[in-house]
Amino acid sequence: MEFVLGGIAAIGAGCFTNPLDVIKTRLQLQGELQARGKYTIHYRGFFHAFYAVAKADGILALQKGLVPALWYQLFLNGVRLGTYDFAEKRGWTKNKTGEISTPKCIIVGAFAGCAGAYSGSPFYLVKTHLQSQASESVAVGFQHAHTGSFSALKKIYQEGGIAGLWRGSCSALPRAGIGSASQLLSFSTCKEYLETYEVFADRPLLNTFVSAMVGGVVVTLCMTPFDVVMTRLYNQGTDPQGRGLLYKGVVDCFSKMLRTEGIHGLFKGFLPNYTRLGPHTVLCFVFWDSLRGIYYKCINKEHIQIKS
């Protein structure tokens, strides 16, 4: 049940934050492997990108890739949050005195994130392809010309088989591991601190909100460079043998980006990434806490009724 609750919570958050994900993807692909000032700028920053996308492709283009994005959230966070909750309840994230253990939280959080990201990788692949598709006037990155989620999955499978559906998944592991570990650790630590010192004693949801905001800041700082690399690897075109046209892998992508775009290239889309991850983290954890509260109340109520 922990896996189901985590997945539903993430889907609820994803519905609100997908437009920010579209903007983040476009900004991360803009000026790919080109030095600053040497490429056409279609998106002059975070707010202008919203206007440019809506003007060129219509307001609904801001929800491109929503279907695979929600499926990805279901797999990613269903597995991630479910695994972390499973470990937390069994004391695997605490030391002998019952306090949160930083090393254990990092290990459990990283493992949970990697497992979730790998399981949902095909949907992230399709999501990235669809979110990058645009009219010629504002197109960035490789254009895959898919007509929908199902046709994209079918086309990728026909061209590359099962392996093709998991193309780029190796880049998802460091992103998910570092992102999940930093997010869950900062969230759990902040929440435990607030509960211990009863900062919001009568407002448990405010505890979750503040802790999630802290988690959102930490995860964005740690994850953005890996997020940019992941977007580039997932979106690049492939040759007839299924090899990437631009990058051989994670290390090659980092190396080429640093040489051509500099350190700035690794933090492209930082603002939309935070404005997406911040609210997404808050909504996801608030939904997750609320759903768990409702679930356990129902379980306890049934248990009392059975006893009586």
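Reader: Where in the chain is Ala-145 found?
Author: Just so you know, what we're looking at is a predicted model. To place Ala-145, look past helix 5 but stop short of helix 6, which covers residues 149-165. Ala-145 sits in the loop between helix 5 and helix 6.

Reader: Is Ala-145 buried or exposed?
Author: A residue has to be over 50% in relative accessible area to count as exposed. Ala-145 comes out at 60%. So Ala-145 counts as exposed.

Reader: What is the phi of Ala-145?
Author: Most residues other than glycine have a negative phi. Ala-145 isn't a glycine, yet its phi is positive. The value is about 60°.

Reader: And which loop holds Leu-33?
Author: Leu-33 is another non-glycine residue with a positive phi, near 55°. With a relative accessible area of 22%, Leu-33 is partly exposed. Its place is the loop between helix 1 and helix 2.

Reader: Which buried residues does helix 2 have?
Author: Helix 2 runs over residues 46-57, twelve residues in total. From first C-alpha to last, helix 2 reaches 17 Å, close to the 16 Å expected at 1.5 Å a residue. Its buried residues are Phe-46, His-48, Ala-49, Ala-52 and Val-53.

Reader: How wide an arc do those buried residues cover around the axis of helix 2?
Author: The buried set is Phe-46, His-48, Ala-49, Ala-52 and Val-53. They lie on the same side of helix 2, because the arc they cover around the axis is only 145°.

Reader: Which residues are exposed on the other side of helix 2?
Author: To count as exposed, a residue must be over 50% in relative accessible area. On the other side of helix 2, two residues are exposed: Phe-47 and Lys-55.

Reader: Which residue follows helix 2?
Author: The one to look for has a positive phi, near 95°. Helix 2 is followed by Gly-58.

Reader: How many salt bridges does the count come to?
Author: Side chains of opposite charge can pair when their charged atoms come close. Here the cut-off is a Lys or Arg side-chain nitrogen within 4 Å of an Asp or Glu carboxyl oxygen. By this rule, the count of salt bridges is nine.

Reader: How many residues apart are Asp-21 and Lys-127?
Author: Their side chains meet in a salt bridge, with N to O at 2.8 Å. The pair links distant parts of the chain, since Asp-21 is in helix 1 (residues 2-29) and Lys-127 is in helix 5 (residues 121-132). Along the chain, they are 106 residues apart.

Reader: What is the relative accessibility of Lys-127?
Author: Buried means under 20% relative accessible area. Its partner Asp-21 is buried, at 6%. Lys-127 counts as buried too, with a relative accessibility of 2%.

Reader: Which helices hold Asp-227 and Arg-175?
Author: Asp-227 forms a salt bridge with Arg-175, and their closest N and O atoms are 2.4 Å apart. This pair links distant parts of the chain, 52 residues apart: Asp-227 is in residues 204-235 and Arg-175 in residues 169-196. Asp-227 is buried, with a relative accessible area of 0%, and Arg-175 counts as buried at 7%. In the order Asp-227, Arg-175, the helices are helix 8 and helix 7.

Reader: Which residues are linked in a network of salt bridges?
Author: One pair in it is Asp-227 with Arg-175, and another is Asp-21 with Lys-127. The network as a whole links Asp-21, Lys-24, Lys-127, Arg-175 and Asp-227.

Reader: Are helix 7 and helix 8 roughly parallel or antiparallel?
Author: Their axes are 8 Å apart and they pack at an angle of about 170°. Angles over 145 degrees count as roughly antiparallel. Helix 7 and helix 8 are therefore roughly antiparallel.

Reader: How many nonpolar residues does the contact of helix 7 with helix 8 have?
Author: Split by class, the contact has ten polar and four charged residues. The number of nonpolar residues is 17.

Reader: Which helix contains both Asp-252 and Lys-256?
Author: Asp-252 forms a salt bridge with Lys-256, and the closest N and O atoms are 3.3 Å apart. Being four residues apart in one helix, the two are separated by about one helical turn. That helix, residues 250-260, is helix 9.

Technical notes
Residues numbered from 1 in each chain as written. Predicted model: local features only at pLDDT ≥ 70, side-chain atom pairs only at ≥ 80, totals over all residues. Heavy atoms only, no water. Buried < 20%, exposed > 50% of the residue type's maximum accessible area, 1.4 Å probe, protein only. Axes fitted to C-alpha atoms, helices over the stretch in contact; angles between N-to-C directions. Parallel < 35°, antiparallel > 145°, perpendicular 65-115°, else oblique. Nonpolar A, V, L, I, M, F, W, Y, C, P; charged D, E, K, R; others polar. Expected span 1.5 Å × (residues − 1). Arc of directions from axis to C-beta.
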